[in-house]
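Colleague: I would like a close look at one part of this model, and then at the other places that deserve a comment. Please keep the account plain.

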Amino acid sequence: MTHLVPTPAQVRWQQLEFGVFIHFGINTFAGKEWSDGTVPASIFNPTELDAGSWVRAAKEAGARYLVLTAKHHDGFCLWPTATTDYSVASSPWRDGQGDVVREVADACAEHGIGLGLYLSPWDRNAECYNDPAAYDDFYVQQLTELCTGYGPLMELWFDGAGSVGREYDWGRIIAVVKEHQPEAMIFNMGQPTIRWVGNENGLASDPVNYVVDRTSDTQYTETSSGLPAEHYLPPECDVSIRRGWFWHPDDQPKSVEHLLAIYYQSVGMGANLLLNLPPDSRGRLPDEDSARLREWKRELDRRLSGVVEASVENHDGGATLSFPASVTFNHLELVEDLSSGQRIRRHVVAADGVDLAGGMTVGNRRIHQLPATTASRLHVRFGGGGDGEGGGGRLVSARVYTGALDAGVPAIPEGYEAPTGEPE
C-alpha cells in the first residue's frame, strides 16, 4: 500500500465519523425521487419548516455534521440565487423571502454542527446546461454564492448522477472551493478529498482502503473515474433512513436492527456514515423517523457502554492491549495511528493463544462484536504469513465495551437494496 498521509482537514473529517444528509426540495412536494426541472416552484410551501429541529435531531443522534441538498438534479435552489428564477424566491414559502440554506446554516452554527452543501452538477432546469461553457459560468456563480454566503463549510457534495460523460470545468469549480472554503472536504468529483463508498446501502466492505486511484461514478452505472495518481480519499457511506431519499407518505423508516447493522458496517469499518433524514412537506422530520432515530441511538449507546480503556504497547508486527484487571466484554474497538498513513492491511486479535476476531484494515475506527469474552490482555497481530503486510502499523488507542453482553449481532434484511432506478 502507498503510504500517503492525510491532511489535517481529512483527519478532522474522519474523526467526525457520523453525519446527517437532508434531502429536501421541490421533489418533497411533487412526490418524486427525480423530477425533470419542470415542476412549478409554486408548489414549494413548507408551512411549518423548522431547520433547528432537523439539526437538534441530528445532534441528539450523535451526528457531528449535516449535508443539505441546496440544489438537486432538478435545478430547484433552496436559496434565493441570482442565477435562476427556479428557487425559493419564486415560491409562496415565506412570501418568496425565505432561504432554507440560511436557516440550516444558522441552526448548524447555533448547535455546533458542521455544515455541508450538496450542489448537483447536473441541472435539468437550466436552459444553458447544453452549452458547457455557459453552464460552467452558471455553476461557478452558484457555487460562489454558497461558498461566500453561509459561513464555514465542512463538505461540498458533488453527485455524479446524470453527469457520466459530461465534462465540467473542474479546474474553475475547485478553484472557488480552494479560495473561499479551503478546509471543506470535496466529495468524489473534480479534485476530491473524500470519496463515495460505491453504494447507497450505507455499507463499506473489508478492506476499507483510504488510498485509491479512482472513484465510483454513480449508483446507476458501472463506470468509475480514474485519478492522475493515487490519493488519500477516505470513504463516506450514504444511506437513507427510509427507502427513498425524499419524503413519501407511504414510506417507512428502517428498523433499529437494520440501522445498527449499517453503523457496524460503516463507522465500525473505518468509514464515515451519512444518514439521510428527509423532512416532510411540512418542513419537519416525520414523527416516526424521529422516534426511530431515538430508538437507534439508545440501543447504540447501550451497546457501546461500559467502556474500559486498554493501554497499548505497539511493537513490530502488532500490539499488546492490557487492561487494569480482567474484564468481560463483547465489543472491541481499535483505532489506527494514521499520522504516517494507513498501514494496517490485516489484523487478528487473540487472547491466551485463541483467535477472537480479525479482519483486514483498521483505519479510523474498527469495531468488532464478538461473543462475551473475559481477558486481561489481548494481542493484535498485523499482517500475516510473513508477507510483510502491516509494516509500520500502529494503534493509537483501543478499548472494550462491557455494557450490553446480551446484544445480538444485527443483520441487514435479506435481499435489501436501496432504490437504483435511473431517472428518465
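Is Asn188 buried or exposed, and at what relative accessibility?

Modeller: This is a predicted model, and what follows should be read as such. Asn188 counts as buried, because its relative accessibility is 6% and the cut-off for that class is under 20%. Asn188 belongs to the loop that runs between strand E5 (185-187) and strand E6 (195-196). A polar atom of the Asn188 side chain lies 2.7 Å from the backbone nitrogen of Trp196.

The next loop to look at lies between E6 and strand E7 (211-216), and Glu200 is found there. Glu200 is buried and has no salt bridge. The nearest side chain of opposite charge belongs to Lys254, at 9.6 Å, whereas a salt bridge requires a nitrogen and an oxygen within 4 Å. What the side chain of Glu200 does have is a polar contact of 3.2 Å with the side chain of Trp245. Pro207 also sits in the loop between E6 and E7. The peptide bond that joins Asp206 to Pro207 is cis, with omega at about 5 degrees.

Tyr129 is another buried residue, with a relative accessible area of 10%. Its place is the loop between strand E3 (114-119) and H5. With neighbours within four places in sequence left aside, Tyr129 is in contact with Pro121, Trp122, Asp123, Tyr135, Gly162, Ser163, Arg166 and Tyr168. For Tyr168 there is also a polar contact, in which its side chain and that of Tyr129 come to 2.7 Å. As a reference across the model, the C-alpha atoms of Tyr129 and Glu336 are 45 Å apart in space, and the two residues are 207 apart in sequence.

Two aspartates have a backbone angle worth checking. Asp95 has a positive phi, near 55 degrees, in a residue other than glycine. Asp95 lies in the loop between strand E2 (65-71) and helix H4 (100-111), and Asp95 is exposed, with a relative accessible area of 71%. Asp352 likewise has a positive phi, near 50 degrees, and is not a glycine. The relative accessible area of Asp352 is 74%, so this residue is exposed.

Asp352 is placed in the loop between E14 and E15. These two strands, residues 347-351 and residues 354-359, pair in the antiparallel sense over five bridges. One pairing within them sets Val348 against Gly358 of E15. The hairpin has two residues between its strands, and the positive phi of Asp352 occurs in this hairpin.

Now to the charged side chains. Side chains of opposite charge can pair when their charged atoms come close. The structure holds 22 salt bridges. One of them joins the side chains of Arg172 and Asp137, with 2.8 Å from N to O. This pair links distant parts of the chain, since Arg172 is in helix H6 (residues 170-180) and Asp137 is in helix H5 (residues 132-149), 35 residues apart. Arg172 is partly exposed at a relative accessible area of 34%, and Asp137 is also partly exposed, at 43%.

Arg302 and Asp406 form another salt bridge through their side chains, again with an N to O distance of 2.8 Å. Here too the pair links distant parts of the chain: Arg302 is in helix H8 (residues 287-303), Asp406 is in the segment after strand E17 (395-401), and their positions lie 104 residues apart in the numbering. Arg302 is partly exposed, with a relative accessible area of 30%, while Asp406 counts as exposed at 60%.

A further salt bridge joins the side chains of Arg394 and Asp337, at 3.9 Å from N to O. The cut-off is 4 Å. The pair links two loops that are distant along the chain, with Arg394 between strand E16 (366-382) and E17, and Asp337 between strand E13 (318-336) and E14; the residues are 57 apart. Arg394 counts as partly exposed at 44% relative accessibility, and Asp337 is partly exposed at 21%.

Salt bridges also link Glu17, Arg64, Glu309, Glu333, Arg365 and Arg399 in a network.

To return to the residue you asked about, Asn188 is buried at 6% relative accessibility, and a polar atom of its side chain lies 2.7 Å from the backbone nitrogen of Trp196.

Key
Residues numbered from 1 in each chain as written. Predicted model: local features only at pLDDT ≥ 70, side-chain atom pairs only at ≥ 80, totals over all residues. Heavy atoms only, no water. Helix = DSSP H or I, 4+ residues; strand = E, 2+ residues; numbered from the N terminus. Buried < 20%, exposed > 50% of the residue type's maximum accessible area, 1.4 Å probe, protein only. Polar contact = N/O pair within 3.5 Å; in protein donor to acceptor, adjacent residues only side chain to side chain. Pairing = 2+ DSSP bridges. Lys, Arg positive; Asp, Glu negative; His and termini not counted. Contact = heavy atoms within 4.5 Å.
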